[in-house]
Amino acid sequence: EISACLVGSEMCIRDSINAEYGGFQVLNIAFTMSLPPAHLQWKDPAVHDKSKKNPWIIPGKLRLYGKHKNAKISGRSALKSRVAKKDKETRKAKKLADKAQKKDQPTEKKEVKPKKKVYKKWYPTQRKPKSKLQRKIKPAKIRESLQPGTILVILAGKLIGRRVVLLKVLPSGMLVITGPSKYNGVNLRRAHPTFVLATSTRVDISSVKLPENLDDKFFAKARRSKSKKSEEEFFEKGQKKKPVPPNPERVVAEKSIDDQLIPLLKKFDPLLPSYLKSTLRLGNREYPHLLKF
């Protein structure tokens, strides 16, 4: 038995089925469906809007023809093109009329007076030299680890890998180091802080007396005198130049510092002299950023 009843906007379809299968009964299975509002219900476009040329297929959502085809059917596109053409013609006519009026009117020309040439009364015979920019020497920033008595490892140059002792930091930022020369052949010299690795070992060298004139001028190289060469010296091109003798003041200072420093190193640790004699070498799978110096 199928019965249907329409209540307002709802249609209730009830289907009662009596069936027996395997001792079970299925009774009174009900289905409910609600219809859309009247203004959104589908209507035949031919019947719904006969007066309009582009009727609704889905009211408020979809029409039979698109925007461009509807414009062609209604003839609106042709009207637009005609109006646009008329506007262009009127604009051109106005521009031509304005140009003609400007041509007829006399233009006022301004008188431009020529500039008088000004001649100098005095000319310099020689050009003035331009002042060169001088660099301001800023105080060097020194790392906290670079304290006097620290054991350093040289990272560049002919003394690469040698272990040395830091004696003093100069105001220019350079470091005064020594081997001592008895252990590793490193004489009293200067080193740049960027090419030096500071270790955690630090020896107390406050008792070591350093010369007062230990500065950058102390380490300056002795220049050769530019005297006129004799005939024999002039023709001696193939011979090697004689090496510049070391500064005797520097040799004396180095010897006095090493004599004071060696007993302190032995007292600090008996293995420290052998440590200074050896050089830093990295083996296979040994990485410097993972080592603790």
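Phenylalanine 219 is buried in the predicted model, with a relative accessible area of 5%, where buried denotes under 20% relative accessible area, exposed over 50% and partly exposed in between (1.4 Å probe, protein chains only). Phenylalanine 218 is likewise buried, at 6%. A search of the whole structure returns 1 aromatic pair. That pair is edge-to-face, because the rings of phenylalanine 218 and phenylalanine 219 have centres 5.3 Å apart and planes at 85°; rings of Phe, Tyr and Trp (its six-membered ring) are paired if their centres lie within 6.5 Å, with planes under 30 degrees apart counted as stacked, over 60 as edge-to-face and the rest as tilted. Residues are numbered from 1 along each chain as its sequence is written. The model being predicted, local features need pLDDT of at least 70 and side-chain atom pairs count only at pLDDT 80 or more, whereas totals for chains, interfaces and linings use all residues; side-chain values use heavy atoms, with hydrogens and water left out.

Arginine side chains also lie over aromatic rings. Arginine 63 is placed over the face of tryptophan 56, at 3.9 Å from the ring centre, and arginine 163 over the face of tyrosine 275, at 4.3 Å. The criterion requires NZ of Lys or CZ of Arg within 6 Å of the ring centre and within 35 degrees of the ring normal.

The protein contains 7 helices and 12 strands, where helices (H or I, at least four residues) and strands (E, at least two) are DSSP runs numbered from the N terminus. Of its 293 residues, 19% are buried. The exposed surface amounts to about 26500 Å², of which carbon and sulfur atoms supply 56%; accessible areas come from the Shrake-Rupley method with a 1.4 Å probe, and for residues only the protein chains shown count as cover. Among contacts (heavy atoms within 4.5 Å) between residues at least 6 apart in sequence, 50% join residues at least 24 apart.

Strands β8, β9, β10 and β11 are linked by successive antiparallel pairings, where two strands pair if DSSP finds at least two bridges between them. Strands β8 and β9 pair over 3 bridges in the antiparallel sense, and isoleucine 151 has valine 165 in β9 as its bridge partner. Strand β9 (residues 163–169) is joined to β10 by 4 bridges, again antiparallel. Within this pairing, leucine 166 is partnered by isoleucine 177 and lysine 168 by valine 176. The two strands form a hairpin with 5 residues between them, and glycine 173 in the turn has a positive phi of about 105°. Strand β9 is mostly covered, with 5 of its 7 residues buried. On to β11 (residues 189–191), β10 makes 3 bridges in an antiparallel arrangement, isoleucine 177 standing opposite arginine 189.

In a regular strand the side chains alternate between the two faces of the sheet. In β10, Leu175 and Ile177 point one way and Val176 and Thr178 the other, and all are buried. Threonine 178 belongs to this strand (residues 175–178) and has a relative accessibility of 0%. The side chain of threonine 178 makes a polar contact of 3.2 Å with that of aspartate 258, a polar contact being a pair of N or O atoms within 3.5 Å; within protein, one must be able to donate a hydrogen and the other to accept it, and residues adjacent in sequence count only if both atoms are side-chain atoms. Beyond neighbours within four places in sequence, the contacts of threonine 178 include Val164, Val186, Leu188 and Leu261.

A second buried threonine, threonine 150, is found in strand β8 (residues 150–154) and also has a relative accessible area of 0%. Its side chain reaches the backbone oxygen of glutamine 147 at 2.6 Å and makes a polar contact of 3.3 Å with the side chain of arginine 202. Outside the neighbours within four places in sequence, residues in contact with threonine 150 include Val165, Leu166, Ala198 and Thr201.

Two backbone features concern peptide geometry and phi. Most residues other than glycine have a negative phi, and most peptide bonds are trans. A cis peptide bond joins glycine 179 and proline 180, with omega of about -10°; proline 180 is located in the loop between β10 and α4 (181–184). Arginine 285, although not a glycine, has a positive phi of about 60°. This arginine lies in the segment after α7 (272–277) and is exposed, with a relative accessible area of 72%.
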